[in-house]
Amino acid sequence: MTMTDEERKAARRASHNKWAEKNHEYRLEYKRKLRVARKIEVLSHYSGGNPVCDCCGETELAFLTLDHVNGDGAKHRRENFGSNKSAGTSYMYGWIKRNGFPPIFKVLCFNCNTGRHINGGVCPHKQKGIK
């Protein structure tokens, strides 16, 4: 007796779900490693080498993020990801790679990124002449 396409899909889905449930921790760790590798690749590209904050020189990967150089990050996310609130940095890194690393980003640490946001587009380091 042969299976229909729908029956085959259902059997495949059930097999995958069983495997996924059995290997939950493995999958989480695998996805975490992929996210970190993607982050390093994208931040390295925009840093021109090892990831580093363009303003203060911070190199701790956990502190680094991307900044929209024109200050239009919210608009960019709405246009490209709609109202998908779960479209976080992993989606953004994938979008960046697929679009050839557009020159609309730079690497900043969270302090400099937030400082720019609350200080009218200028990082407090730059305002005080600190580098």
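# Patch, rings and charges: a guided visit

Guide: Let's start on the surface, where Trp19, Tyr26, Tyr30 and Leu34 make up a nonpolar patch of about 450 Å². Please keep in mind that this is a predicted model.

Visitor: Which helix gives the largest share of the nonpolar patch?

Guide: Helix H2 does, with 3 residues. Tryptophan 19 sits in helix H1, residues 5-22.

Visitor: Why is tryptophan 19 called partly exposed?

Guide: Its relative accessible area is 39%. Buried would need under 20% and exposed over 50%, so a value in between is called partly exposed.

Visitor: How many aromatic pairs are there?

Guide: The count comes to 5 aromatic pairs.

Visitor: Why is the pair of tyrosine 26 and tyrosine 30 called stacked?

Guide: The ring centres are 6.2 Å apart and the planes meet at 20°. Pairing asks for centres within 6.5 Å, and stacking for planes under 30 degrees apart, so this pair is stacked.

Visitor: How far apart are tyrosine 26 and tyrosine 30 in helix H2?

Guide: The two tyrosines are 4 residues apart, which puts about one helical turn between them. In general, an α-helix has 3.6 residues a turn, so residues three or four places apart point the same way.

Visitor: What are tyrosine 26 and tyrosine 30 in terms of accessibility, buried or partly exposed?

Guide: Tyrosine 26 has a relative accessible area of 49%, which makes it partly exposed. Tyrosine 30, at 46%, counts as partly exposed too.

Visitor: What makes the aromatic pair of tryptophan 95 and phenylalanine 105 edge-to-face?

Guide: Their ring planes lie 75° apart, with 6.5 Å from centre to centre. Edge-to-face asks for an angle over 60, so the pair earns the name. The pair links distant parts of the chain, with tryptophan 95 in helix H4 and phenylalanine 105 in strand S2, 10 residues apart. Tryptophan 95 and phenylalanine 105 are both buried.

Visitor: Which residues form one aromatic cluster?

Guide: Tyr46, Trp95, Phe101 and Phe105 do. Tyrosine 46 touches several residues beyond its sequence neighbours, including Phe101, Phe105 and Leu66.

Visitor: Which residues of the largest nonpolar core touch the most other members?

Guide: The core has 17 residues, and Tyr46, Cys53, Leu66, Ile96, Phe105 and Cys112 touch the most other members. At least two core residues come from each of helix H2 (24-47), strand S1 (64-68), H4 and S2. In soluble globular proteins, nonpolar side chains tend to be buried together.

Visitor: What is notable about the phi of phenylalanine 101?

Guide: It is positive, at about 55°, although phenylalanine 101 is not a glycine. Most residues other than glycine have a negative phi. Phenylalanine 101 lies in the loop between helix H4 (89-98) and strand S2 (105-109). Glycine 100, just after H4, also takes a positive phi, of about 70°.

Visitor: How do you know how far the C-alpha atoms of phenylalanine 101 and valine 42 are from each other?

Guide: The computed separation is 7.8 Å, although the two residues are 59 residues apart along the chain. Contacts of phenylalanine 101 outside its sequence neighbourhood include Val42, Glu41 and His45.

Visitor: Glutamate 41 and lysine 97 are said to form a salt bridge; why is it called that?

Guide: The side chains meet at 2.9 Å, N to O. The pair links distant parts of the chain, with lysine 97 in helix H4 and glutamate 41 in helix H2, 56 residues apart. A salt bridge asks for a side-chain nitrogen within 4 Å of a carboxyl oxygen, so the pair qualifies. Lysine 97 is partly exposed at 35%, and glutamate 41 is partly exposed at 36%.

Visitor: At what distance do arginine 116 and aspartate 67 meet in a salt bridge?

Guide: Their side chains are 2.1 Å apart, N to O. Here arginine 116 in helix H5 (residues 110-118) is linked with aspartate 67 in strand S1, 49 residues away along the chain.

Visitor: Why do arginine 116 and aspartate 67 count as buried?

Guide: Arginine 116 has 14% relative accessibility, and aspartate 67 has 7%. Buried means under 20%, so both values fit the term.

How values were computed:
Residues are numbered from 1 along each chain as its sequence is written. This is a predicted model: local features need pLDDT of at least 70, side-chain atom pairs count only at pLDDT 80 or more; totals for chains, interfaces and linings use all residues. Side-chain values use heavy atoms; hydrogens and water are left out. A nonpolar core is a set of buried Ala, Val, Leu, Ile, Met, Phe, Trp, Tyr and Cys residues joined through side-chain atoms within 4.5 Å. Buried means under 20% relative accessible area, exposed over 50%, partly exposed in between (1.4 Å probe, protein chains only). Contact means heavy atoms within 4.5 Å. Patches are made of residues with over 30% relative accessible area and no salt bridge: like charges are joined within 9 Å, nonpolar side chains (Val, Leu, Ile, Met, Phe, Trp, Tyr) within 5 Å. Accessible areas come from the Shrake-Rupley method with a 1.4 Å probe; for residues, only the protein chains shown count as cover. Rings of Phe, Tyr and Trp (its six-membered ring) pair if their centres lie within 6.5 Å; planes under 30 degrees apart count as stacked, over 60 as edge-to-face and the rest as tilted.
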